[in-house]
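Reader: I have a new model open on my screen and would like to walk through it with you. Could we take it one question at a time?

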Amino acid sequence: MIIKDFQIHSAGGWTTEEATIACNSYTGRVFFSVPQEYENIICRTNADAFLVAFIPIAAYINEDIIIEGRPVSERLKTNIETILLPAFRQMGCGGKSIMIKSETTDESTRGTKGASGISLGIDCFYSLLSEKGIQYVISLIDSPKWEMAENRLCSDLFVKKRHKIAGELDKTYIPIASNVKSFYQELAHLHFEQVHTFCHLACPMILLDGIHDYYYSTGYSNQENRLDFSDTSHYDYLISEVINYPSFRMHTSGAEKTRFQKTSFIADNQLAKKYLEVCYFSKKRMQEKYINCTKCNKCIRTACTLEVLGELDKFSIAFDTELYQKQRSKHWGHIRYSAYIIKDVFAKEILQEAKVRSFHLPADSWLFFFREGIENQIRKIKRKLYHGSRHEFTGTN
């Protein structure tokens with residue numbers, strides 16, 4: 001994999017940094033665009049952000065990374081080679097050692113400000129309310145072409161909402177439009193869960209001349225971390241050791257707390273009550289009455305946690321509390337099933353806290369527990385029959 005031809009240009013109120021990615025027979029341009037008022041903090045001297053964004057792809061497909069035209073920070077390169085790449089191999093990612101071929105630079109701290117993401121989930125709100133060093137909040141906007149960035153900034157409700165919330169938090173909001181996510185699927189067929197920490201870290205690292213500390217809202221506590229390539233959240237603690245060098249520092253914000261503890265921490269906050277966004281479908285619900293659908297797994301988990309805390313009624317803007325009450329037994333049946341059968345750590349914690357607090361679960365939730373199990377088994381049987389019939393029809397073995 002070759003990363004080369006770095007360019008920076010401005011148009012339509014945006015400043016874009018881009019480079020060519022050449023891998024096997026594929027060649028494409030990856031870009032990161034920020035509002036032009038922040039062009040003075042774009043890093044123009046090293047390729048650290050591009051290296052971090054593409055290292056999981058290179059490791060997965062067993063390709064050396066060759067960077068031409070810009071150096072990378074020497075400490076970052078060493079950390080990747082001595083910590084991250086061996087961990088990738090331990091996780092079964094790739095079959096051989098790869099090399100990073102580039103010039104290096106020994107740079108000192110340049111940026112001074114702190115930043116964080118603004119996804120508006122539980123982990124995000126915990127970071128925004130607990131970390132004192134955050135001045136910038138950043139969100140990644142998928143954009144297939146950089147020319148579309150200006151229109152997205154003006155019309156995207158996702159961007160407008162985060163701009164408004166950042167103002168209420170007394171933070172500066174920086175949207176970053178990029179096509180980087182498309183490369184994970186194009187080059188390696190990787191799911192976003194397998195790379196999201198690296199993708200989100202590349203965004204503030206594009207702004208190294210202004211940002212030094214990035215408070216990454218990790219989803220799992222230190223006790224729950226493990227080397228598991230299925231989701232970078234499982235090993236954020238290790239990534240934070242790698243992304244720790246003179247020019248930049250990643251902090252795993254919230255790693256000392258469990259999800260239940262973080263929910264408890266934000267439950268009294270007025271902004272969280274107005275804007276908490278945990279739903280799988282939240283980006284599609286901008287015009288809906290309630291922010292969250294109150295039916296998907298993440299909504300159920302959060303609403304049940306808030307009920308155990310005695311705070312759910314106060315989140316009537318975020319959740320459809322009437323719908324929740326109608327389906328309460330079903331939801332608690334789902335939590336039981338997730339905890340006992342799927343072994344979901346968040347569901348297990350909810351049940352544990354409910355027991356500690358003498359919170360009584362609806363007795364008929366057991367009926368929904370068994371019903372969910374039966375329905376899952378039926379779906380598995382149907383999938384097997386479907387695939388079997390396809391093989392028979394196509395003549396494959």
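Author: Happily! One term first: a residue is called buried when its relative accessible area is under 20%, exposed when it is over 50%, and partly exposed in between. Please keep in mind that this is a predicted model.

Reader: Then let me use that right away: is Asp5 buried, exposed or partly exposed?

Author: Asp5 is found in strand β1, which covers residues 2-11. Its relative accessible area is 42%. That value lies between the limits of 20% and 50%, so Asp5 is partly exposed.

Reader: What is the phi of Asp5?

Author: Most residues other than glycine have a negative phi. Asp5 is not a glycine, yet its phi is positive, at about 55°.

Reader: And Leu120, which has a positive phi as well: what is its relative accessible area?

Author: Leu120 sits in the loop between β8 (113-117) and α3, and its phi is near 75°. Buried means under 20%, and Leu120 is buried, with a relative accessible area of 0%.

Reader: That loop leads me to helix α3. How many of its residues are buried?

Author: Helix α3 runs over residues 122-130. Its buried residues are Ile122, Asp123, Cys124, Phe125, Tyr126, Ser127 and Leu128. The helix is therefore largely enclosed by the rest of the structure, and the buried count is 7 of the 9 residues.

Reader: Let me step back to the whole chain. What is its radius of gyration, and how does that fit a compact globule?

Author: The chain has 15 helices and 13 strands, and its C-alpha trace spans about 65 × 60 × 40 Å along the principal axes. With 397 residues, a compact globule would have a radius of gyration near 21 Å. The value for the chain agrees with that: 23 Å.

Reader: What percentage of the contacts join residues at least 24 apart in sequence?

Author: In this chain, 55% of the 397 residues count as buried. For the contacts, the count takes in pairs of residues at least 6 apart in sequence. Among these, the share that joins residues at least 24 apart is 71%.

Reader: Now for empty space: which helix gives the largest share of the lining of the largest cavity?

Author: A search of the whole structure finds 2 cavities of 30 Å³ or more, and the largest holds about 40 Å³ of space. Its lining residues are Ala59, Leu85, Phe88, Arg89, Cys93, Lys96, Ser97 and Ile98. By class they divide into 5 nonpolar, 1 polar and 2 charged. The largest share, 3 residues, comes from helix α2 (residues 74-90).

Reader: Which elements each supply at least two residues of the lining of the second largest cavity?

Author: The second largest cavity has a volume of about 30 Å³. Arg259, Phe260, Thr263, Arg301, Thr305, Phe346, Glu349 and Ile350 line it, with 3 nonpolar, 2 polar and 3 charged residues. The elements you asked for are α9 (259-266), α11 (297-309) and α14 (345-356).

Reader: Last one: which element gives the most to the lining of the second largest pocket?

Author: The second largest pocket has a volume of about 220 Å³. Elements giving two or more residues to its lining are α11, α13 (328-342) and α15 (365-394). By class, the lining has 2 nonpolar, 4 polar and 5 charged residues. With 4 residues, the element that gives the most is α15.

Note on methods: Residues are numbered from 1 along each chain as its sequence is written. This is a predicted model: local features need pLDDT of at least 70, side-chain atom pairs count only at pLDDT 80 or more; totals for chains, interfaces and linings use all residues. Side-chain values use heavy atoms; hydrogens and water are left out. On a 1 Å grid over the protein atoms alone, a cavity is a set of points where a 1.4 Å probe fits but cannot get out, and a pocket is an open set with protein on both sides within 12 Å along at least five of seven lines; lining residues have an atom within 4 Å of a point. Grid points are joined across faces, edges and corners, and a volume is the space filled by probe spheres set on the points. Ala, Val, Leu, Ile, Met, Phe, Trp, Tyr, Cys and Pro count as nonpolar, Asp, Glu, Lys and Arg as charged, and the others, Gly among them, as polar. The radius of gyration is taken over C-alpha atoms; the globule rule is 2.2 Å times the number of residues to the power 0.38. Buried means under 20% relative accessible area, exposed over 50%, partly exposed in between (1.4 Å probe, protein chains only). Contact means heavy atoms within 4.5 Å.
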